[in-house]
Amino acid sequence: MILYFSGTGNTKWVAEHLSDATNDTIFSIPDELKKGTLHYTLKDYERLGICFPTHGWQPPHIVRDFLRRATFENVRYLYAVTTCGDNIGYAMSILRKELHHKGLSLDAAFAVVMPESNVCFSFLHLDTPESEARKIEAARQRMPHICKLVKQKASGIEELVKGAIPFTYTYIIGGFYNKHLITDEKFWVDIDKCIQCGLCAKRCPVDDIEGLPPHWKHNGSCTNCLACYHYCPTHAIHWGSMQRGQYYFNKREDQK
């Protein structure tokens, strides 16, 4: 069983690679939360994988909320994979603490560097097309290694990229980000560019967008995954005053 959350597609791609290699079924965490029943009993041979993007050097709120509400039985092998733009700080340490509260511990932990998608900080920038291509190719080369270890149920593995100042990343900068910027209050729509296609609402993993032209519900459900921003075909959706580009996995393939 592979449980994943993904906004712009990076983590979904990782989860699909793992599923193809292990034959383990993948489940979307937002979809699981909508079902309401969060009790999982694994078979003796099953692995439990948790795949998530690093948001502000921490696990996304939706992933932490899911783990706090879910119950698991007969977990014999547990691993986690996080995607990130450059580094993860202590994001995996936070995940370990969440799992510890459930009586669970990681056998293996991995980080996969993927193209940047965060447009909320002035000091973060999306990758150039060349950098984006390099990161994706490096990830393609790395995934068989991760899949092999997971398939073998290797334990005691930690292959992470914490960065030079992980505490500062996670608890100072990331603390501010996760406390103040996980909100839909900063999204707005350029009405002149909006073609009212509804794709933003379709891509929102927590159903936080409704109407045409779209508006956000402001009900606290937003994860700030930025899927609505990045998938908009006319770049009509903006976040605050930032003037940035867009990225989602396979965007260039879609444009061919």
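Buried, as used for a residue such as Glu32, means under 20% relative accessible area, while exposed means over 50% and partly exposed lies in between. The exercises below apply this and a few other cut-offs to a predicted model.

**Exercise 1. Describe the salt bridge between Lys35 and Glu32, and state for each partner whether it is buried or exposed.**

Step 1. A salt bridge requires a side-chain nitrogen of Lys or Arg within 4 Å of a carboxyl oxygen of Asp or Glu. In the pair Lys35 and Glu32 the closest N and O atoms are 3.0 Å apart, and a salt bridge is formed.

Step 2. Both residues belong to helix α2, where they stand 3 residues apart, which means that about one helical turn separates them.

Step 3. Glu32 has a relative accessibility of 5% and therefore counts as buried, whereas Lys35, at 55%, counts as exposed.

**Exercise 2. Work out where in the chain the partners of the Arg69–Asp65 and Glu159–Arg142 salt bridges lie.**

Step 1. The side chains of Arg69 and Asp65 meet with an N to O distance of 3.4 Å. The two residues are 4 residues apart in helix α3, which spans residues 61-69, so that about one helical turn lies between them.

Step 2. Arg69, with a relative accessible area of 45%, is partly exposed, and Asp65, at 34%, is likewise placed in the partly exposed class.

Step 3. Glu159 pairs with Arg142 through closest N and O atoms that are 3.2 Å apart. This salt bridge links distant parts of the chain, since Glu159 sits in strand β8 (residues 157-159) and Arg142 in helix α5 (residues 129-151), 17 residues apart.

Step 4. Glu159 is partly exposed at 25% relative accessibility, and Arg142 is partly exposed at 23%.

Step 5. To complete the picture, the count for the model comes to 13 salt bridges, and Asp31, Lys34 and Asp207 are joined in a network of such bridges.

**Exercise 3. Decide how many disulfides the model contains, and examine Cys197 and Cys228.**

Step 1. A disulfide needs two cysteine sulfur atoms within 2.5 Å, and by this rule the count is 0.

Step 2. For Cys197 the nearest cysteine sulfur belongs to Cys232 and is 6.2 Å away, and Cys197 is in no disulfide. Cys197 itself is partly exposed, with a relative accessible area of 46%.

Step 3. For Cys228 the nearest cysteine sulfur is that of Cys200, at 6.6 Å, and Cys228 is in no disulfide either. Its relative accessibility is 7%, and Cys228 therefore counts as buried.

**Exercise 4. Describe the linings of the largest and the second largest pocket.**

Step 1. The largest pocket holds about 500 Å³ of space. Its lining consists of 23 residues, and Tyr4, Ser6, Lys12, Arg203 and Tyr231 are those nearest its centre.

Step 2. Helices α1 (10-22), α2 (29-35) and α7 (199-203) each contribute at least two residues to this lining, which comprises 9 nonpolar, 6 polar and 8 charged residues.

Step 3. The second largest pocket holds about 410 Å³ and is lined by 26 residues, with Thr54, Gly85, Glu116, Ser117 and Asn118 nearest its centre. Two or more lining residues come from each of α1, β6 (78-84) and α6 (166-180).

Step 4. The lining of the second largest pocket divides into 9 nonpolar, 15 polar and 2 charged residues.

Methods:
Residues are numbered from 1 along each chain as its sequence is written. This is a predicted model: local features need pLDDT of at least 70, side-chain atom pairs count only at pLDDT 80 or more; totals for chains, interfaces and linings use all residues. Side-chain values use heavy atoms; hydrogens and water are left out. On a 1 Å grid over the protein atoms alone, a cavity is a set of points where a 1.4 Å probe fits but cannot get out, and a pocket is an open set with protein on both sides within 12 Å along at least five of seven lines; lining residues have an atom within 4 Å of a point. Grid points are joined across faces, edges and corners, and a volume is the space filled by probe spheres set on the points. Ala, Val, Leu, Ile, Met, Phe, Trp, Tyr, Cys and Pro count as nonpolar, Asp, Glu, Lys and Arg as charged, and the others, Gly among them, as polar. Buried means under 20% relative accessible area, exposed over 50%, partly exposed in between (1.4 Å probe, protein chains only).
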